[in-house]
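This report describes the open and enclosed spaces of one protein model and the ligand that it holds. Please view the sequence and the structure together before reading on.

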Amino acid sequence: MTRGQLILIEGLDRTGKTTQTEILCKKLQPKVELIKYPKRDTPIGKIINEYLTNLDYSLPNQSIHLLFSANRWELMDHIISLLKEGKNVILDRYVYSGVAYSAAKETPRMDWQWCLSPDKGLLRPDLTIFLTQDDLTRQSDRNGFGDERYEISSFQQKVKSQFESLFRNISDSNEVKLLNVSGKSIEEVETLVWEQVELLLKQPNQEFKYF
Ligand code: T5A
(Lines give C-alpha, C1' and ligand atoms only; values in the text may rest on other atoms or scores of the structure.)
Protein backbone atom coordinates (compact mmCIF):
# COMPACT_ATOMS: atom_id res chain seq x y z
CA MET A 1 0.00 0.00 0.00
CA THR A 2 1.30 3.51 -0.80
CA ARG A 3 1.58 5.72 2.22
CA GLY A 4 -0.36 8.97 2.67
CA GLN A 5 1.18 12.43 2.47
CA LEU A 6 1.92 14.67 5.44
CA ILE A 7 0.80 18.21 4.59
CA LEU A 8 1.46 21.14 6.92
CA ILE A 9 -0.11 24.59 6.83
CA GLU A 10 1.91 27.04 8.93
CA GLY A 11 1.63 30.77 9.45
CA LEU A 12 1.32 33.67 11.80
CA ASP A 13 -1.73 34.07 14.04
CA ARG A 14 -5.04 34.65 12.22
CA THR A 15 -3.63 34.24 8.70
CA GLY A 16 -6.27 31.64 7.84
CA LYS A 17 -4.58 28.33 8.70
CA THR A 18 -7.65 26.77 10.29
CA THR A 19 -9.91 28.02 7.48
CA GLN A 20 -7.61 26.53 4.83
CA THR A 21 -6.83 23.24 6.61
CA GLU A 22 -10.58 22.61 7.03
CA ILE A 23 -11.28 23.33 3.34
CA LEU A 24 -8.41 21.05 2.31
CA CYS A 25 -9.65 18.31 4.62
CA LYS A 26 -13.06 18.37 2.90
CA LYS A 27 -11.40 18.13 -0.53
CA LEU A 28 -9.29 15.13 0.46
CA GLN A 29 -12.15 13.12 2.03
CA PRO A 30 -12.49 10.28 2.87
CA LYS A 31 -8.83 9.26 3.29
CA VAL A 32 -7.67 12.15 5.43
CA GLU A 33 -7.25 13.32 9.03
CA LEU A 34 -6.73 16.88 10.27
CA ILE A 35 -4.67 17.57 13.39
CA LYS A 36 -4.41 21.05 14.89
CA TYR A 37 -1.47 21.94 17.14
CA PRO A 38 -1.51 22.75 19.93
CA LYS A 39 -3.89 19.83 20.49
CA ARG A 40 -5.62 21.36 23.46
CA ASP A 41 -7.68 18.39 24.68
CA THR A 42 -4.81 16.08 25.75
CA PRO A 43 -3.40 16.28 29.34
CA ILE A 44 -0.44 18.33 28.06
CA GLY A 45 -2.67 20.34 25.71
CA LYS A 46 -4.84 21.44 28.65
CA ILE A 47 -1.82 23.04 30.36
CA ILE A 48 -0.86 24.75 27.07
CA ASN A 49 -4.40 26.09 26.67
CA GLU A 50 -4.32 27.50 30.20
CA TYR A 51 -0.99 29.21 29.46
CA LEU A 52 -2.26 30.74 26.20
CA THR A 53 -5.59 31.99 27.48
CA ASN A 54 -4.79 33.00 31.09
CA LEU A 55 -2.14 35.72 31.32
CA ASP A 56 -1.96 35.24 35.10
CA TYR A 57 -0.76 31.64 34.60
CA SER A 58 3.02 31.77 34.46
CA LEU A 59 5.55 29.19 33.26
CA PRO A 60 9.25 29.57 32.42
CA ASN A 61 9.77 30.00 28.65
CA GLN A 62 11.76 26.75 28.57
CA SER A 63 8.95 24.77 30.25
CA ILE A 64 6.16 25.92 27.93
CA HIS A 65 8.44 25.30 24.94
CA LEU A 66 9.03 21.70 26.03
CA LEU A 67 5.29 21.20 26.59
CA PHE A 68 4.48 22.33 23.02
CA SER A 69 7.04 19.81 21.76
CA ALA A 70 5.71 17.05 24.06
CA ASN A 71 2.24 17.76 22.64
CA ARG A 72 3.59 16.93 19.15
CA TRP A 73 5.26 13.75 20.41
CA GLU A 74 1.96 12.64 22.00
CA LEU A 75 0.51 12.14 18.50
CA MET A 76 3.55 11.01 16.50
CA ASP A 77 2.83 7.27 16.54
CA HIS A 78 -0.81 7.94 15.62
CA ILE A 79 0.26 10.07 12.62
CA ILE A 80 2.72 7.44 11.39
CA SER A 81 0.00 4.74 11.62
CA LEU A 82 -2.45 6.88 9.61
CA LEU A 83 0.13 7.55 6.89
CA LYS A 84 1.02 3.84 6.69
CA GLU A 85 -2.70 3.04 6.28
CA GLY A 86 -2.66 5.29 3.19
CA LYS A 87 -4.42 8.27 4.79
CA ASN A 88 -3.24 11.81 4.12
CA VAL A 89 -2.63 13.83 7.29
CA ILE A 90 -3.06 17.61 7.38
CA LEU A 91 -1.37 19.53 10.18
CA ASP A 92 -2.42 23.01 11.33
CA ARG A 93 0.90 24.27 12.83
CA TYR A 94 3.83 22.01 13.83
CA VAL A 95 7.59 22.16 14.49
CA TYR A 96 8.22 25.49 12.72
CA SER A 97 5.66 27.26 14.96
CA GLY A 98 7.23 25.62 17.99
CA VAL A 99 10.67 26.99 17.17
CA ALA A 100 9.64 30.39 15.75
CA TYR A 101 7.41 31.53 18.65
CA SER A 102 9.85 30.43 21.36
CA ALA A 103 12.97 31.82 19.64
CA ALA A 104 11.13 35.14 19.07
CA LYS A 105 11.01 35.63 22.86
CA GLU A 106 14.80 36.21 22.71
CA THR A 107 15.40 34.39 26.00
CA PRO A 108 19.14 34.07 26.76
CA ARG A 109 20.59 30.66 25.69
CA MET A 110 17.28 29.73 24.04
CA ASP A 111 18.20 30.21 20.39
CA TRP A 112 16.52 28.37 17.51
CA GLN A 113 18.96 25.45 17.70
CA TRP A 114 18.02 24.91 21.37
CA CYS A 115 14.34 25.24 20.48
CA LEU A 116 14.58 22.69 17.68
CA SER A 117 16.34 20.02 19.75
CA PRO A 118 13.29 18.46 21.51
CA ASP A 119 11.57 18.12 18.11
CA LYS A 120 14.50 16.24 16.55
CA GLY A 121 13.18 12.89 15.34
CA LEU A 122 9.64 14.06 14.57
CA LEU A 123 8.35 13.25 11.09
CA ARG A 124 9.07 15.91 8.47
CA PRO A 125 6.12 17.06 6.34
CA ASP A 126 6.14 16.22 2.61
CA LEU A 127 4.78 19.71 1.92
CA THR A 128 4.72 22.84 4.10
CA ILE A 129 2.65 25.84 3.05
CA PHE A 130 3.47 28.99 5.00
CA LEU A 131 0.76 31.68 5.00
CA THR A 132 2.41 35.06 5.31
CA GLN A 133 1.30 38.71 5.16
CA ASP A 134 3.10 41.95 4.26
CA ASP A 135 1.27 44.14 6.73
CA LEU A 136 1.04 42.44 10.13
CA THR A 137 -1.15 45.22 11.55
CA ARG A 138 -3.95 43.81 9.33
CA GLN A 139 -4.05 40.62 11.46
CA SER A 140 -5.93 42.60 14.09
CA ASP A 141 -8.76 43.09 11.55
CA ARG A 142 -9.47 39.35 11.75
CA ASN A 143 -12.00 37.96 14.27
CA GLY A 144 -10.57 37.17 17.69
CA PHE A 145 -7.05 38.62 17.21
CA GLY A 146 -5.69 39.79 20.57
CA ASP A 147 -7.55 37.21 22.67
CA GLU A 148 -4.46 35.08 23.36
CA ARG A 149 -0.97 35.55 24.75
CA TYR A 150 1.07 35.95 21.54
CA GLU A 151 -1.42 38.05 19.56
CA ILE A 152 0.48 41.33 19.72
CA SER A 153 1.60 42.86 16.39
CA SER A 154 5.17 43.73 17.54
CA PHE A 155 5.74 40.13 18.72
CA GLN A 156 4.26 38.73 15.48
CA GLN A 157 6.90 40.70 13.52
CA LYS A 158 9.65 38.91 15.47
CA VAL A 159 7.92 35.57 14.89
CA LYS A 160 7.76 36.28 11.16
CA SER A 161 11.53 36.94 11.06
CA GLN A 162 12.16 33.68 12.95
CA PHE A 163 9.99 31.69 10.52
CA GLU A 164 11.85 33.16 7.52
CA SER A 165 15.22 32.41 9.03
CA LEU A 166 14.15 28.86 9.93
CA PHE A 167 12.95 28.11 6.41
CA ARG A 168 16.36 29.27 5.12
CA ASN A 169 18.24 27.15 7.69
CA ILE A 170 16.40 23.87 8.22
CA SER A 171 14.08 23.28 5.30
CA ASP A 172 14.40 22.07 1.76
CA SER A 173 12.96 24.73 -0.59
CA ASN A 174 11.16 21.99 -2.57
CA GLU A 175 9.16 21.10 0.54
CA VAL A 176 8.27 24.63 1.73
CA LYS A 177 6.04 27.03 -0.24
CA LEU A 178 5.50 30.60 0.96
CA LEU A 179 2.05 32.02 0.13
CA ASN A 180 1.52 35.73 0.62
CA VAL A 181 -2.17 36.05 1.57
CA SER A 182 -2.22 39.88 1.79
CA GLY A 183 -5.46 41.17 0.29
CA LYS A 184 -6.50 37.69 -0.92
CA SER A 185 -9.94 36.24 -0.30
CA ILE A 186 -10.47 32.84 1.32
CA GLU A 187 -11.30 31.41 -2.13
CA GLU A 188 -8.15 32.88 -3.72
CA VAL A 189 -5.96 31.37 -0.99
CA GLU A 190 -7.81 28.05 -1.35
CA THR A 191 -6.91 27.94 -5.06
CA LEU A 192 -3.23 28.64 -4.35
CA VAL A 193 -3.10 25.98 -1.61
CA TRP A 194 -4.77 23.42 -3.87
CA GLU A 195 -2.26 24.06 -6.69
CA GLN A 196 0.56 23.00 -4.36
CA VAL A 197 -1.31 20.01 -2.93
CA GLU A 198 -2.25 18.73 -6.38
CA LEU A 199 1.41 18.83 -7.42
CA LEU A 200 2.37 16.85 -4.32
CA LEU A 201 -0.33 14.21 -4.85
CA LYS A 202 0.96 13.55 -8.38
CA GLN A 203 4.45 12.77 -7.07
CA PRO A 204 5.48 9.24 -6.07
CA ASN A 205 5.51 8.77 -2.30
CA GLN A 206 8.93 8.87 -0.72
CA GLU A 207 10.56 7.34 2.34
CA PHE A 208 9.68 9.04 5.61
CA LYS A 209 11.99 11.91 6.53
CA TYR A 210 12.61 13.28 10.02
CA PHE A 211 13.70 16.56 11.64
N1 T5A B 1 2.31 28.11 19.39
C2 T5A B 1 1.82 27.04 18.71
C3 T5A B 1 3.59 28.08 19.99
O4 T5A B 1 4.03 29.05 20.60
N5 T5A B 1 4.32 26.93 19.89
C6 T5A B 1 3.87 25.83 19.22
O7 T5A B 1 4.58 24.78 19.19
C8 T5A B 1 2.56 25.88 18.61
C9 T5A B 1 2.02 24.67 17.88
C10 T5A B 1 -2.03 29.17 19.45
C11 T5A B 1 -0.76 29.85 19.74
O12 T5A B 1 0.22 28.91 20.10
C13 T5A B 1 1.47 29.31 19.56
C14 T5A B 1 1.13 30.04 18.31
C15 T5A B 1 -0.19 30.69 18.61
O16 T5A B 1 0.02 32.01 19.09
P17 T5A B 1 -3.39 28.46 17.36
O18 T5A B 1 -4.42 27.79 18.19
O19 T5A B 1 -3.03 27.85 16.06
O20 T5A B 1 -2.03 28.58 18.17
O21 T5A B 1 -3.80 30.01 17.23
P22 T5A B 1 -3.99 30.91 15.95
O23 T5A B 1 -2.89 30.97 15.00
O24 T5A B 1 -4.41 32.25 16.50
O25 T5A B 1 -5.04 30.11 15.20
P26 T5A B 1 -6.31 30.61 14.77
O27 T5A B 1 -7.17 29.45 14.52
O28 T5A B 1 -6.84 31.55 15.75
O29 T5A B 1 -5.93 31.44 13.43
P30 T5A B 1 -5.82 30.90 11.94
O31 T5A B 1 -6.07 29.46 11.95
O32 T5A B 1 -4.60 31.34 11.26
O33 T5A B 1 -6.97 31.75 11.26
P34 T5A B 1 -8.48 31.29 10.96
O35 T5A B 1 -8.52 30.43 9.78
O36 T5A B 1 -9.10 30.82 12.22
O37 T5A B 1 -9.06 32.72 10.53
C38 T5A B 1 -9.18 33.79 11.46
C39 T5A B 1 -10.32 34.72 10.98
O40 T5A B 1 -9.97 35.29 9.72
C41 T5A B 1 -10.93 34.93 8.72
C42 T5A B 1 -11.65 33.69 9.25
O43 T5A B 1 -12.94 33.58 8.71
C44 T5A B 1 -11.65 33.96 10.75
O45 T5A B 1 -12.69 34.81 11.10
N46 T5A B 1 -10.21 34.68 7.48
C47 T5A B 1 -10.13 35.57 6.47
N48 T5A B 1 -10.66 36.79 6.32
C49 T5A B 1 -10.39 37.45 5.15
N50 T5A B 1 -9.61 36.92 4.14
C51 T5A B 1 -9.07 35.69 4.26
N52 T5A B 1 -8.29 35.20 3.29
C53 T5A B 1 -9.31 34.96 5.46
N54 T5A B 1 -8.92 33.73 5.91
C55 T5A B 1 -9.47 33.58 7.14
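The largest pocket has a volume of about 740 Å³. A pocket here is an open set of points on a 1 Å grid over the protein atoms alone, with protein on both sides within 12 Å along at least five of seven lines, and lining residues have an atom within 4 Å of a point. A volume is the space filled by probe spheres set on the points, which are joined across faces, edges and corners. The model is predicted, with pLDDT of at least 70 required for local features and 80 or more for side-chain atom pairs, while totals for chains, interfaces and linings use all residues. Residues are numbered from 1 along each chain as its sequence is written, and side-chain values use heavy atoms, with hydrogens and water left out.

**The largest pocket and the ligand**

The lining of the largest pocket comprises 34 residues, and Asp 13, Arg 14, Lys 17, Lys 36 and Arg 93 lie nearest its centre. Two or more residues of this lining come from each of α1, α3, α5 and α8. Helices are DSSP runs of H or I with at least four residues, strands are runs of E with at least two, and both are numbered from the N terminus.

The ligand occupies the space of the largest pocket; a molecule sits in a pocket if more than half of its atoms lie within 2 Å of the grid points. Around the ligand there are 27 residues, of which Arg 14, Lys 17, Thr 19, Arg 72 and Arg 93 come nearest. A residue is near a molecule if one of its heavy atoms lies within 4 Å of it. At least two residues of this shell are supplied by each of α1 (17-27), α3 (61-74) and α5 (95-103).

Oxygen atoms of the ligand make polar contacts, pairs of N or O atoms within 3.5 Å, with side chains including Asp 13 at 2.9 Å, Thr 19 at 2.5 Å and Arg 93 at 2.5 Å. The ligand has 1000 Å² of accessible area on its own, and the protein covers 86% of it; these areas come from the Shrake-Rupley method with a 1.4 Å probe.

Arg 14, in the loop between β1 (6-11) and α1, has a positive phi of about 60 degrees although it is not a glycine.

**Other spaces**

The second largest pocket has a volume of about 320 Å³. Its lining has 22 residues, with Asp 126, Asn 174, Glu 175, Leu 200 and Gln 203 closest to the centre. The largest share of that lining, three residues, comes from α8.

One cavity of 30 Å³ or more is found in the whole structure; a cavity is a set of points where a 1.4 Å probe fits but cannot get out. The largest cavity holds about 40 Å³ of space. Its lining consists of Gln 20, Ile 23, Leu 24, Lys 27, Glu 190, Val 193 and Trp 194. Both α1 and α8 (186-202) give two or more residues to this lining, and the largest share, four residues, comes from α1.

| Space | Nonpolar residues | Polar residues | Charged residues |
|---|---|---|---|
| Largest pocket | ten | eleven | 13 |
| Second largest pocket | eight | six | eight |
| Largest cavity | four | one | two |

In this table Ala, Val, Leu, Ile, Met, Phe, Trp, Tyr, Cys and Pro count as nonpolar, Asp, Glu, Lys and Arg as charged, and the others, Gly among them, as polar.

Definitions and conventions:
A polar contact is a pair of N or O atoms within 3.5 Å; within protein, one must be able to donate a hydrogen and the other to accept it, and residues adjacent in sequence count only if both atoms are side-chain atoms.
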